[in-house]
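Please open the structure in your viewer and keep the sequence beside it. This tour goes from one selection to the next and says what is found at each stop.

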Amino acid sequence: MQIAHDTLYGYTDGILLCCLAKGDSYGYEINRSISQKTSGRFELKEATLYTALRRLERAEYITSYWGTDKSGGPKRRYYSITENGRAWLKTRQKEWADIQELITLLLQD
């Protein structure tokens with residue numbers, strides 16, 4: 001079953017920060033890991049991905065730098081989570097646990 005993008009839209013920033021909490025990465029690689037983790041059921045549109053990354057950088061939750069991948073390919077913009085980003089992510093994860101509990105209660109038969 002494909003997940004509607006608007007269902008997860010409010011969690012785009014948290015999803016990206018969670019990916020970056022595992023290590024620095026670049027846009028395509030982030031999106032690929034999301035797709036793989038969800039068995040292709042969820043993938044961000046390119047415009048959504050890069051808009052969110054710019055928003056997170058302006059908020060100082062991530063930083064970026066130019067680098068090359070391990071195979072020596074072209075330069076890419078890598079993103080790294082900051083301490084502020086880690087703190088914000090932790091708050092969002094707690095919020096998600098509360099929301100999950102409430103929705104489960106409300107949707108039970």
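Begin by selecting Ala97, which lies in helix α5 (residues 83-107); helices here are DSSP runs of H or I with at least four residues, strands are runs of E with at least two, and both are numbered from the N terminus. Ala97 has 39% relative accessibility and therefore counts as partly exposed, a class that sits between buried, under 20% relative accessible area, and exposed, over 50%, as judged with a 1.4 Å probe and protein chains only. If you now add Lys45 to the selection, you have two residues that are 52 apart along the chain, and their C-alpha atoms are separated by 26 Å.

Before moving on, note that this is a predicted model, in which local features need pLDDT of at least 70 and side-chain atom pairs count only at pLDDT 80 or more, while totals for chains, interfaces and linings use all residues. Residues are numbered from 1 along each chain as its sequence is written, and side-chain values use heavy atoms, with hydrogens and water left out.

Colour the chain by pLDDT, the predictor's confidence in each residue on a scale from 0 to 100. The mean for the chain is 91, and 94% of its residues reach 70 or more. Confidence is lowest in helix α1 (residues 5-8), with a mean of 65, and highest in α2, with 97.

Next, show the whole chain as a cartoon, where you can count 5 helices and 3 strands and follow them from the N terminus in the order α-α-β-α-α-β-β-α. The C-alpha trace spans about 55 × 30 × 20 Å along its principal axes, and of the 109 residues in the chain, 30% are buried.

Now select helix α2 (residues 12-21) together with helix α3 (residues 27-37), whose axes come within 10 Å and cross at roughly 100 degrees. Axes are lines fitted to C-alpha atoms, for helices over the stretch in contact, and angles run from 0 to 180 degrees between N-to-C directions. The two helices α2 and α3 are therefore roughly perpendicular to each other, a description given to angles of 65 to 115 degrees, whereas angles under 35 count as roughly parallel, those over 145 as roughly antiparallel and the rest as oblique. Show the side chains of Ile15, Leu16, Cys19 and Leu20 in α2 and of Ile30, Ser33 and Ile34 in α3, since these residues make the contact, which means heavy atoms within 4.5 Å.

Keep α2 selected and exchange α3 for α4 (46-58). The axes of α2 and α4 are 10 Å apart, and the helices pack at an angle of about 80 degrees, so α2 is roughly perpendicular to α4 as well. On the α2 side this contact is made by Thr12, Asp13, Leu16 and Leu17, and on the α4 side by Thr48, Leu49, Ala52, Leu53, Arg55 and Leu56.

The last two stops are in loops. Most residues other than glycine have a negative phi. Select Ser39 in the loop between α3 and α4: Ser39 is not a glycine, yet its phi is positive, at about 55 degrees, and its relative accessible area of 66% makes Ser39 exposed. Then go to Glu60, in the loop between α4 and β2 (62-68), where phi is again positive in a residue other than glycine, near 65 degrees. Glu60 counts as exposed too, at 53% relative accessibility.
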